[in-house]
Structure formats: structure tokens, C-alpha cells
Amino acid sequence: MAKKIGFIGAGNMAEALMKGIISTGLYAAGDITASEIYEKRRKYIADTLGIDVHENNIKVAEDTKFIVLAVKPQQVKEVLTQMKGSLTKDHLIMSIAAGVTTATLESNVPACRFVRVMPNQPCMVLASASAFSRGSKATDDDCAAVDRVLKAVGISYEVKEELLDAVTGLSGSGPAYAYMIIEALADGGVLMGLPRDVSTRLAAQTLLGAAKTILETGEQPGKMKDIICSPGGTTIEAVKILEDCGLRSSLINAVEAAATRSKELGKNG
């Protein structure tokens, strides 16, 4: 049976994307197919999401013309080489393999149209921050199809390909940084006597509220921070501690390190 979209690889990011597009109604479970090498994972995805999951990648290529390539960067060449005989000019491949350039993708399967994408894990709760870049053969319609998938689970921007490693370091890896901040804030609340569950929810809601404020007002984060920092108050005292500990420089360095690693993975892919 023909499917509207297929996933090569059904790991955590693919699962998050599938959950998101099913929950928004962009695609029904019956419209989706996937392949996965691990039997236990195949069963989990099939049972959890109600989609067809196969061991064979070629089956996905036969069942749909819109494919999400969701394997590790180091596996891209092997997987595309294996599938090459089943891929045609009618196939659009949306690659979420970090660091792997469209030139590399096209060199493995010249016939296909590629769009390189960097989504992030919160797509499973419809709050993804994604960016994409088109390959040399990708059309406006191809990019529109990719954009619909990404906007079904959050926000999406088309960027120049040379900026996608920066996107990887910022929003691709960024949820991990945010989870660490939430965990640390919650630990602080527990230190001061709050119950763990209350402290964790207060910390998470605080980051959610701050993020929503920036997105909805369009104001600069620094300006909103200054509004909270009254002279001689509690917040400016805390901000001084964060500055002394290098919070800002640590986060900047984290984004830089992840972006650099993304470039390295692309060279090895």
C-alpha cells in the first residue's frame, strides 16, 4: 500500500517527528511507514504509534516517494548505497543526519532530490525549533512539503546550508542545555526546601514562560532581564553570581562546540 511519508530509521528523533505529525493530523498513522534494524525497537514503534515498521529499508523506498532519512551520520553512506537501486528522481529525501551536507547526499544518490533538515526533540510536544536547506535539485514544492512537516511540530526556517551546523549547535542540541538548566534550578529549589515535584514544575514553567514572552513580544532577552532586575534586588544579586560563574560564556561555548562537532560528523559521513 502506498504511503505518504516514510522514515529510514525509527530512533528517538524519528519517533518524536512521527508522534508530532500524527497528533496534529498532518498524516495519519496509516499514512506512515518506517524501517528499523532492531527488532525490539520495531515492535515498540509499531505498538506505540500504530504504523507499519519494516526491517528492510528498500521496502520504505518502494512504498513512498517522500522519505525522512533518520540514521546516524556515520551510517548515511552505507544506507544510501544499499537503497540506491530503489531510489529515483521521483523521491524526495528529507535528511536529519547531523552534519551531512546536501553535496554528500547527492554524491551518493544523484537521482534524488534532497533537503537537509535540523529539527529538535521537542517536536514530540509540538514545540520544535527547526531549520532546513535545499539541495541542488530540490524544488519550491519540495521545500514546502518539508516546511509543512516541520511547522506541524513547531517553527521552521529555511537557511543557507553553511548555517545548519550553527543551527545544530543552538537548537538541535539546545534542549539538552535547557534540561540541565531546569534540573539545576529545581535542585536549587529543593536546596531551599521545596518538594522535588513542585520545584521541577516551577523551574520548567519558568523557562517556558520566559521563552513564550520573547516569542510573543519580540523583545530582546536582555531588555526583559533588565525589567526584572530592580536596583539592589534579589534578581540582580543572582545575576551577578551567574555572571561570576560564566553562565553566558559556558552556553556560548557549548553552542560552538556542538556546531564544530556537527561539521566533523559531516566530514566523516
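**Exercise 1. Salt bridges**

How many salt bridges does the count come to in this structure? Once you have the total, look at E15 and R41 and describe how this pair is placed.

*Solution.* Let's go step by step.

- Step 1. The model is a predicted one. Its count comes to 19 salt bridges.
- Step 2. One of these joins E15 to R41, with 2.8 Å between the closest N and O atoms.
- Step 3. Now place the partners: E15 sits in helix α1 and R41 in helix α2. They are 26 residues apart, and the pair links distant parts of the chain.
- Step 4. Check the burial of E15. Its relative accessibility is 7%, and the cut-off for buried is under 20%, so E15 counts as buried.
- Step 5. Widen the view to the network: salt bridges link E15, K19 and R41.

**Exercise 2. Two further pairs**

For the salt bridges D90 with K89 and E219 with K223, find the N to O distances and sort each partner as buried, partly exposed or exposed.

*Solution.* Take the pairs in turn.

- Step 1. Between D90 and K89, the closest N and O atoms lie 3.7 Å apart.
- Step 2. K89 has a relative accessible area of 60%, and exposed means over 50%, so K89 is exposed. D90, at 42%, is partly exposed.
- Step 3. Between E219 and K223, the corresponding distance is 3.3 Å.
- Step 4. E219 is partly exposed at 29% relative accessibility, and K223 is partly exposed too, with a relative accessible area of 45%.

**Exercise 3. The nonpolar cores**

Which residues of the largest nonpolar core touch the most other members? Then trace the core back to its helices and strands, and follow the contacts of F66.

*Solution.* Start from the residues and work outwards.

- Step 1. The largest nonpolar core holds 34 residues, and those touching the most other members are I5, F7, M18, I21, I51, F66 and M94.
- Step 2. Two or more residues each come from the strands β1 (5–8), β2 (32–35), β4 (66–69), β5 (92–95) and β6 (113–118), and from the helices α1 (12–24), α2 (39–49) and α6 (140–152).
- Step 3. The biggest share belongs to α6, which gives 6 residues.
- Step 4. Beyond its neighbours within four places in sequence, F66 is in contact with K4, I5, G6, Y27, L92, M94, A145, V146 and V149.
- Step 5. There is also a second, separate core: it has 18 residues, including V60, V76, V100 and C112.

**Exercise 4. A residue in a loop**

Where is D31 placed, and is D31 buried or exposed?

*Solution.* Three short steps will do.

- Step 1. D31 lies in the loop between α1 and β2.
- Step 2. Its relative accessible area is 19%; the cut-off is under 20%, so D31 is buried.
- Step 3. Setting aside neighbours within four places in sequence, D31 is in contact with K3, K4 and I5. For a longer span, take I96: it is 65 residues from D31 along the chain, and their C-alpha atoms are separated by 20 Å.

**Exercise 5. The second largest pocket**

Which residues lie closest to the centre of the second largest pocket? Describe the lining too, and then turn to S262 in helix α12.

*Solution.* Begin with the space itself.

- Step 1. The volume of this second largest pocket is about 970 Å³.
- Step 2. It is lined by 35 residues, of which A70, V71, K72, P73 and Q75 are the closest to its centre.
- Step 3. By type, the lining divides into 17 nonpolar, 12 polar and 6 charged residues.
- Step 4. At least two lining residues come from each of α1, α4 (76–83), α7 (164–172) and α12 (247–268), and α12 gives the most, with 4 residues.
- Step 5. S262 belongs to helix α12 and is buried, at 2% relative accessibility. Leaving out residues up to four places away in sequence, S262 touches A98, G99, R116, D165 and T168.

**Exercise 6. The chain as a whole**

How many helices and strands does the protein chain have, and what are the dimensions of the box its C-alpha atoms fill?

*Solution.* Finish with the overall picture.

- Step 1. The secondary structure comes to 12 helices and 8 strands.
- Step 2. Along the principal axes, the C-alpha atoms fill a box of roughly 70 × 40 × 30 Å.
- Step 3. Of the 269 residues, 41% are buried.
- Step 4. Among contacts between residues at least 6 apart in sequence, 64% join residues at least 24 apart.

How values were computed:
Residues are numbered from 1 along each chain as its sequence is written. This is a predicted model: local features need pLDDT of at least 70, side-chain atom pairs count only at pLDDT 80 or more; totals for chains, interfaces and linings use all residues. Side-chain values use heavy atoms; hydrogens and water are left out. A nonpolar core is a set of buried Ala, Val, Leu, Ile, Met, Phe, Trp, Tyr and Cys residues joined through side-chain atoms within 4.5 Å. Buried means under 20% relative accessible area, exposed over 50%, partly exposed in between (1.4 Å probe, protein chains only). Contact means heavy atoms within 4.5 Å. A salt bridge is a side-chain nitrogen of Lys or Arg within 4 Å of a carboxyl oxygen of Asp or Glu. On a 1 Å grid over the protein atoms alone, a cavity is a set of points where a 1.4 Å probe fits but cannot get out, and a pocket is an open set with protein on both sides within 12 Å along at least five of seven lines; lining residues have an atom within 4 Å of a point. Grid points are joined across faces, edges and corners, and a volume is the space filled by probe spheres set on the points. Ala, Val, Leu, Ile, Met, Phe, Trp, Tyr, Cys and Pro count as nonpolar, Asp, Glu, Lys and Arg as charged, and the others, Gly among them, as polar.
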